[in-house]
Amino acid sequence: MADYALMNQLLYTGKAAEVKKAVEDCLKEGRPVQEVLENGLIAGMAVIGEDFKNNVIYVPEVLIAARAMKAGMDVLRPLLTESGIKKTGTLVIGTVKGDLHDIGKNLVAMMAEGAGFTVVDLGVDTSVEKFLAAAREHDADIVGMSALLTTTMVNMKHVVDRFTAEGLKRVKIVCGGAPVTQSFADEIGADGYAPNAVAAVELFKSLVVG
Ligand code: B1M
């Protein structure tokens, strides 16, 4: 018998192997993929997001929980594609050129995946060309850029300028990272800025809805 409250708890405490097994057990029991995703994983991740926002838990706990969620998602991902469940949207995300920091970017990517987005993670040191090619190839709704250095955040502007020059207005561009601010985002012409992973996912959802 599927016990989603237990799965949420396992996710919260970052028990990756147990979450994976719980997801597999639910599927063996014949539970619908979308039910397992929403009640087991997304509901658990939502609690993490809230507690993170309210300073009940901190980055290490979120990363451990996010890894557990990823273990569960790895089981569901191929089935989600097969069953054609409507995803929230497609996010192409990367850390900008010259920057190797990826902890915050990974957190944003994992939380977005937990919220139902298809996430294409380009990793670190991502060139303008790579953002552009991936946005086209995956028909991205959102391009997310992360930067942790004052010397690399300027590269965000190059991405915005290039997307504008290429006429890719449909793709919303969001930026974040410790030195980035709302006024910087406005200055470079980005569509949005988020100070943390929870706010980023809320922003992505609002941009996809319209
Ligand atoms: Co670096 N580093 N680092 N570093 N590093 C900082 C950023 C620094 C502030 C430390 C300091 O001097 N106090 C400083 C930057 C100074 C500046 O530019 N003003 C710095 C420096 C100087 C450097 C090097 C140049 C050091 C050197 O080699 N001399 C070098 C640069 C390498 C490079 O990138 N080319 C370097 C290297 C490294 C490590 C490799 C050792 C390591 C990175 C490991 C990794 O990421 N895999 C590292 C680390 C760990 C840090 C600190 C200590 C921690 C960063 C972090 O992961 N925070 C950092 C100091 C600090 O920030 N306190 C520092 C936790 C993470 C969860 O937060 O990334 O802010 P954050 O992400 C948040 C939000 O910003 C937001 O959501 C996340 C979750 O809430 N967010 C987004 C992030 N991306 C987003 C995208 C969005 C929306 C929100 O939309 C798309």
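**Salt bridges and the domain interface: notes on the model**

1. At 36% relative accessibility, lysine 20 counts as partly exposed, and in this predicted model its salt-bridge partner is glutamate 24, with the closest N and O atoms 3.1 Å apart. Glutamate 24 is likewise assigned to the partly exposed class, at a relative accessibility of 27%. Both residues belong to helix α2 (residues 16-28), and because they are 4 residues apart in that helix, about one helical turn separates them.

2. The salt bridge of lysine 20 and glutamate 24 belongs to a structure that holds 14 salt bridges. A second case is the pair of lysine 105 and aspartate 121, whose closest N and O atoms are 2.9 Å apart. This pair links distant parts of the chain, since lysine 105 sits in helix α5 (residues 103-114) and aspartate 121 in strand β2 (residues 118-121), with their positions 16 residues apart in the numbering. The two partners fall into separate accessibility classes: lysine 105 is buried, with a relative accessible area of 3%, whereas aspartate 121 is partly exposed at 38%.

3. Arginine 170 and aspartate 141 also form a salt bridge, in which the closest N and O atoms are 3.3 Å apart. Here, too, distant parts of the chain are linked, 29 residues apart: arginine 170 comes from the loop between α7 (155-165) and β4 (172-176), and aspartate 141 from the loop between α6 and β3. Arginine 170 is partly exposed, with a relative accessible area of 47%, and aspartate 141 is partly exposed as well, at 22%. Elsewhere, Glu129, Arg136, Arg162 and Glu166 are joined into one network by salt bridges that share partners.

4. Turning to the overall arrangement, the domain assignment of the chain gives domain 1 (4-83) and domain 2 (90-209), and the centres of these domains, taken over C-alpha atoms, are separated by 24 Å. Contact involves 13 residues of domain 1 and 10 residues of domain 2. About 1100 Å² is buried between the two domains, and carbon and sulfur atoms give 79% of that area. On the side of domain 1, Phe52, Leu63 and Met69 supply 33% of the area buried against domain 2, more than any other three residues.

5. For the polar side of this interface, the rule finds 1 salt bridge between the domains. Lysine 53 forms a salt bridge with glutamate 202, at 3.5 Å between the closest N and O atoms. The rule also finds 1 residue pair in polar contact across the interface of domain 1 and domain 2. Helices α3 (33-53) and α4 (59-83) each supply at least two residues of the side of domain 1 that touches domain 2; α4 gives the most, with 8 residues. By residue type, this side of domain 1 divides into 8 nonpolar, 1 polar and 4 charged residues.

6. Two backbone values deserve a look. Asparagine 55, a residue other than glycine, has a positive phi, near 60 degrees, and is placed in the loop between α3 and α4. Aspartate 139 likewise has a positive phi, in this case near 50 degrees, and is found in the loop between α6 (128-137) and β3 (142-146). With a relative accessible area of 52%, aspartate 139 is classed as exposed.

Notes: Residues are numbered from 1 along each chain as its sequence is written. This is a predicted model: local features need pLDDT of at least 70, side-chain atom pairs count only at pLDDT 80 or more; totals for chains, interfaces and linings use all residues. Side-chain values use heavy atoms; hydrogens and water are left out. Domain bounds come from an automatic or database domain assignment. Contact means heavy atoms within 4.5 Å. Buried area is the accessible area (1.4 Å probe) that two parts lose on being put together, summed over both. A salt bridge is a side-chain nitrogen of Lys or Arg within 4 Å of a carboxyl oxygen of Asp or Glu. A polar contact is a pair of N or O atoms within 3.5 Å; within protein, one must be able to donate a hydrogen and the other to accept it, and residues adjacent in sequence count only if both atoms are side-chain atoms. Ala, Val, Leu, Ile, Met, Phe, Trp, Tyr, Cys and Pro count as nonpolar, Asp, Glu, Lys and Arg as charged, and the others, Gly among them, as polar. Buried means under 20% relative accessible area, exposed over 50%, partly exposed in between (1.4 Å probe, protein chains only).
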